Amino acid sequence: ILSKNPLTNLKYHFVITVALVTRYCIDGGMETEQAYRLSDFYIIHMDACSTIQEISDLHHEMALDFTGKMRLLQKNTALSKPVAQCIDYITAYYIYAHISARITVEDLAVCTNLSASYLSRLFKQNLGVSISDYIREKKIEKAQNLLRFSDFTYIQIANYLSFSSQSHF
């Protein structure tokens with residue numbers, strides 16, 4: 001049922017699109033829990049949108065986020081098992097559950113039963129970036145979302161994401 005309000009119609013469209021993209025990504029190999037978390041994240045943020053432009057921008061961000069995660073998933077199929085384990089650990093444990101905790105190469109080495117130096121070289125060979133750069137990229141992605149969709153101050157976000165200082169953030 002369409003509404004006479006274009007904003008309401010666009011919100012319905014957004015929810016339907018997120019649902020379809022979520023199902024498509026699950027069919028494509030994305031972990032069900034990760035796909036539904038992303039879906040919930042974007043639907044919750046869409047509810048806070050009050051203009052058509054905000055919804056349009058969020059729609060674009062959502063599509064890029066799902067696409068990027070699927071691209072990474074496809075890359076993971078060509079990754080070595082320890083690097084894929086690291087990415088899973090970083091994504092599942094760190095990004096979704098304990099973003100304010102500090103994660104180290106040593107933590108990941110324990111997770112994969114490899115030495116920290118060997119794991120670092122392997123990670124760089126597989127992804128082209130260091131483990132710390134990869135984690136930093138994920139923290140920046142999280143920070144961008146918090147800046148866009150929360151009322152937290154810069155210092156609160158810097159502290160939450162365990163940056164050493166607001167200026168470092």
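User: Which residues of helix 1 are exposed on its other side, away from the buried ones?

Analyst: In this predicted model, P6, I16, L20, R23, Y24 and D27 are exposed there. Exposed means over 50% relative accessible area, and buried means under 20%.

User: Which residues of helix 1 are buried?

Analyst: L7, K11, F14, T17, V18, T22 and C25 are the buried ones. Viewed down the axis of helix 1, these residues stay within an arc of 135 degrees, so they line one face of the helix.

User: What span should helix 1 have?

Analyst: Helix 1 covers residues 6-27, and because each residue counts for 1.5 Å, its 22 residues should span 32 Å. The C-alpha atoms at its ends are 31 Å apart, which agrees.

User: What caps the N-terminal end of helix 1?

Analyst: N5 does, with a side-chain oxygen 2.8 Å from the backbone nitrogen of L7. After helix 1 comes G29, with a positive phi near 115 degrees.

User: How is empty space found, and how much lies in the largest pocket?

Analyst: Rolling a probe the size of a water molecule over the atoms shows where space is left empty. Here the largest pocket holds about 1400 Å³. Its lining has 44 residues, and L38, D65, K69, K138 and E141 lie nearest the centre.

User: Which helix gives the largest share of that lining?

Analyst: Helix 3 does, with 13 residues. By class, the lining of the largest pocket has 19 nonpolar, eight polar and 17 charged residues.

User: How much space lies in the second largest pocket?

Analyst: About 330 Å³. Its lining has 15 residues, with R102, I103, S132, I135 and K139 closest to the centre. Helix 7 gives the largest share of this lining, five residues.

Technical notes: Residues are numbered from 1 along each chain as its sequence is written. This is a predicted model: local features need pLDDT of at least 70, side-chain atom pairs count only at pLDDT 80 or more; totals for chains, interfaces and linings use all residues. Side-chain values use heavy atoms; hydrogens and water are left out. Helices (H or I, at least four residues) and strands (E, at least two) are DSSP runs, numbered from the N terminus. The expected span of a helix is 1.5 Å times one less than its number of residues. Buried means under 20% relative accessible area, exposed over 50%, partly exposed in between (1.4 Å probe, protein chains only). The arc is that of the directions from the helix axis to the C-beta atoms. A polar contact is a pair of N or O atoms within 3.5 Å; within protein, one must be able to donate a hydrogen and the other to accept it, and residues adjacent in sequence count only if both atoms are side-chain atoms. On a 1 Å grid over the protein atoms alone, a cavity is a set of points where a 1.4 Å probe fits but cannot get out, and a pocket is an open set with protein on both sides within 12 Å along at least five of seven lines; lining residues have an atom within 4 Å of a point. Grid points are joined across faces, edges and corners, and a volume is the space filled by probe spheres set on the points. Ala, Val, Leu, Ile, Met, Phe, Trp, Tyr, Cys and Pro count as nonpolar, Asp, Glu, Lys and Arg as charged, and the others, Gly among them, as polar.
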